[in-house]
Amino acid sequence: MSPRLRHLTTLEHLPRETIERLLDRAMAMRDACAHGTRKIDLLAGRTVLNLFFEPSTRTRTSFELAARRLGADVVNFDIGFSSANKGEELYDTLHTLEAMHLDAIIVRHKVSGTPDELVRHAMSGVSVINAGDGNRAHPTQGLLDALTIRQHRPDFENLSVAICGDVKHSRVARSDVHALSALGVRDIRLCGPASLMPAAEEFPQCRLIEDFDQAIEGVDAVIMLRLQKERMAQTDLPDEAAYFRQYGLDTARLARARKGCLVMHPGPINRGIEIASDVADGAQSRILEQVGNGVFVRMAVLGELLAR
Amino acid sequence: MSPRLRHLTTLEHLPRETIERLLDRAMAMRDACAHGTRKIDLLAGRTVLNLFFEPSTRTRTSFELAARRLGADVVNFDIGFSSANKGEELYDTLHTLEAMHLDAIIVRHKVSGTPDELVRHAMSGVSVINAGDGNRAHPTQGLLDALTIRQHRPDFENLSVAICGDVKHSRVARSDVHALSALGVRDIRLCGPASLMPAAEEFPQCRLIEDFDQAIEGVDAVIMLRLQKERMAQTDLPDEAAYFRQYGLDTARLARARKGCLVMHPGPINRGIEIASDVADGAQSRILEQVGNGVFVRMAVLGELLAR
Amino acid sequence: MSPRLRHLTTLEHLPRETIERLLDRAMAMRDACAHGTRKIDLLAGRTVLNLFFEPSTRTRTSFELAARRLGADVVNFDIGFSSANKGEELYDTLHTLEAMHLDAIIVRHKVSGTPDELVRHAMSGVSVINAGDGNRAHPTQGLLDALTIRQHRPDFENLSVAICGDVKHSRVARSDVHALSALGVRDIRLCGPASLMPAAEEFPQCRLIEDFDQAIEGVDAVIMLRLQKERMAQTDLPDEAAYFRQYGLDTARLARARKGCLVMHPGPINRGIEIASDVADGAQSRILEQVGNGVFVRMAVLGELLAR
């Protein structure tokens, strides 16, 4: 059996067995909750702290709900988002929080690698969970996306998945690729405007395809990424309408995918920019299932890291 | 027996029986708390989310305390107050929250009708509680005001009540009228400067009286409304001192009411603008009782909506 | 036995016995937590409210953790820091909160004496705990500093302690002096630039020494104060480097103290301004122990004030 995790900062290099165990745990959490047991006392008496250097109400709330459903206490440490919070100052904050005897710190930071820096500098038994760092990783999102796909298309070896949008700056895309590759998906296609595409060397296991019509051809799942509006200027595209024409997911384009192709998005969605409203709300959309799975996956991760 | 409520967005058209049941429940909550039982596990394992698009520390805290005393978990979803948060974006937020398996969403929004929009768009079993929408309704305030009056003057059929101030823009006034009318009060007088008075057609069951000395004559309870300072400019009155002379509640004016007239205000009060300090702090003031009843009424509403 | 406290606004004039009881309670809390009992249900069903008019994430979090580990509910009342919040408005806020049946209000305010004002105006059985008021007092910091010293140097009568920095504006320094004097320390030295030194009359039990090399000579503990950067202009010193040369704690200066001298700081530290990094992180540093003791001391205070 793969060793129990103490931290979760990235899915990269995690063995398939570990990822599958986390997904199985998430399913067990879902089943427990479905049977009316809203509260599981796995983490009674443990304290989890949200340390968000970037605002994110949705992810923070998802972690908060996950921790509380396991009986843990949750404290939100409200960092001023403007302050630098790096280097010594960041480690002093870490050590201060460790000295207060917390069990886990859930961190989001705009600088890639910050959660690993925290792990390296941690002096106590505190667990660090990455809730998104720069462009690098968002491991619980990768897990929840993998879980959502597994519920509908468990045959990972024979799946084709397209990830479309600003792949270059997307920690979601990276964690999705890590999770899906580890689980055996061999056909992962990354798609977006040239200026928002990553270097091919970074993703040797993926195909980079600039044309979305081509990228979506016959896929079993398509993961649309949120376009940060300030990135628009970096593309060759004149405006959002042009972006939507080339990289938006509408019914016509979805028809090129395999029948029943799963439509996914980490949220919040930009309707009419990267996804058409009727597709986002349509029968193939798994977007809200992703949100629900997010809570179960975070319960699973907290359980893996913190349960005695 | 009137059917159990699933949502509470307004008191309008609620049957008397339902309102009385909620007040009775609030009294039962008060009694339970008075006997030292600070915590009642009616809602153990349930999760309630505060979704406030307008800041309101007092009302939010009152709901939070009410939910916790019933054993529920409370999550504050900190929406940026500046963003539009309407239409599709609002519904996407709603659906995201529903997907996280919440039991109730307590919403405050500056646009009238938003809570009903949420009810219409809700896809799951989540309950929506209105904590104030635009000028339209603030049902828990209406209930707590009715409860406060009932504790002192239970003979609603023979009561006279004056509501004074910016009635036109007041959701408190509207919910008070709905509650008191349903409970049998036949003499409700609305009073304020002409520019801040509602259309008479909106309140066929009330008398609109511009002169406060006349409106307060012989009443059993007077509910003073908070004057938003930016409304001052809309009146014919030159300044706050002039407002206070015509529409402020001082000892002399209170003497025109029935002996022992209840003095009420939803808070926070503007001393010297709509109410004199000695009246606000005087023996007839029920303002702090209103605050205490607010917690019990919110416990009652949460219990009605969420208890299995 | 000294009477049980109902409020804690300052350590000034508290009998030695009371302070020792609080430190003993804090040790008992530490021992209980060390034995794996993360949660003690001493305050189950009680509600504690954080009322911070000055932002302070660290202190607020420490109180929040302390209250939760005792089983209490914690509500953060988010006051806008910009608003005046004084006089009538402050008391109306207090009375509103009291009406909601809270057990304790933890208050931080920039105006010295505000917590005592709240005690004087309180109408119910609510306990007030000062989390720092102006330059005047920060009693839980005084207690945690005393506890940290006692763990290493329990022989208070024979101790020498130096407090260095902006003593004039420091509520930490004042509460430290109150605690240490009450516990029997006879040699307390206050040190800092002339413009940041208090009037000698205010501290008749201390020695005021402007030269840090002289002040630190042979002491058993040195408490460094955080320099607010805006105070720099009030000193005769041209810049932070000059401040550090004269009032910073580095290895050379620490060598003048007694062997094994405890290095303390209320945090957050300004590295290279009042303390050298190698000293802050060195073997003699007790800074993180202080943070850990902070939680235990706050548990002790909450237990003293609120346990039935």
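**Entry 1: chains A and C**

I began with ion pairs and counted 1 salt bridge between chain A and chain C. The model is a predicted one. I identified the partners as Asp92(A) and Arg271(C), whose closest N and O atoms lie 2.6 Å apart. I then looked up polar contacts between chain A and chain C and found 6 residue pairs, both residues being at pLDDT 80 or more.

I next asked which elements of chain A each supply at least two residues of the side that touches chain C. They are strand E1 (47-52), strand E2 (73-77) and helix H3 (87-99). I sorted that side of chain A by class and recorded 8 nonpolar, 6 polar and 8 charged residues.

For the extent of the contact, I noted 22 residues of chain A against 19 of chain C. The two chains bury about 1,800 Å² between them, with 55% of it on carbon and sulfur atoms. Within chain A, I found that Asp73(A), Met100(A) and His101(A) lose the most area to chain C, together 30% of what that side buries.

**Entry 2: two helices of chain B**

I turned to helix H1 (residues 16-34) and helix H11 (residues 287-306) of chain B, which pack at an angle of about 115° with their axes 8 Å apart. I recorded the crossing of H1(B) past H11(B) as right-handed.

I listed the contact residues: H1(B) contributes seven entries to my list, among them Arg21(B), Leu22(B), Met29(B) and Cys33(B), and these meet a set in H11(B) including Phe296(B), Val297(B), Met299(B) and Glu304(B). By class, I found the residues of this contact to divide into 9 nonpolar, 2 polar and 4 charged.

Terms used:
Residues are numbered from 1 along each chain as its sequence is written. Chains are lettered from A and ligands numbered from 1 in the order in which they are written. This is a predicted model: local features need pLDDT of at least 70, side-chain atom pairs count only at pLDDT 80 or more; totals for chains, interfaces and linings use all residues. Side-chain values use heavy atoms; hydrogens and water are left out. Axes are lines fitted to C-alpha atoms, for helices over the stretch in contact, and angles run from 0 to 180 degrees between N-to-C directions. Helices (H or I, at least four residues) and strands (E, at least two) are DSSP runs, numbered from the N terminus. A crossing is left-handed if the near helix is turned anticlockwise from the far one by less than a right angle, and right-handed if clockwise. Contact means heavy atoms within 4.5 Å. Ala, Val, Leu, Ile, Met, Phe, Trp, Tyr, Cys and Pro count as nonpolar, Asp, Glu, Lys and Arg as charged, and the others, Gly among them, as polar. Buried area is the accessible area (1.4 Å probe) that two parts lose on being put together, summed over both. A salt bridge is a side-chain nitrogen of Lys or Arg within 4 Å of a carboxyl oxygen of Asp or Glu. A polar contact is a pair of N or O atoms within 3.5 Å; within protein, one must be able to donate a hydrogen and the other to accept it, and residues adjacent in sequence count only if both atoms are side-chain atoms.
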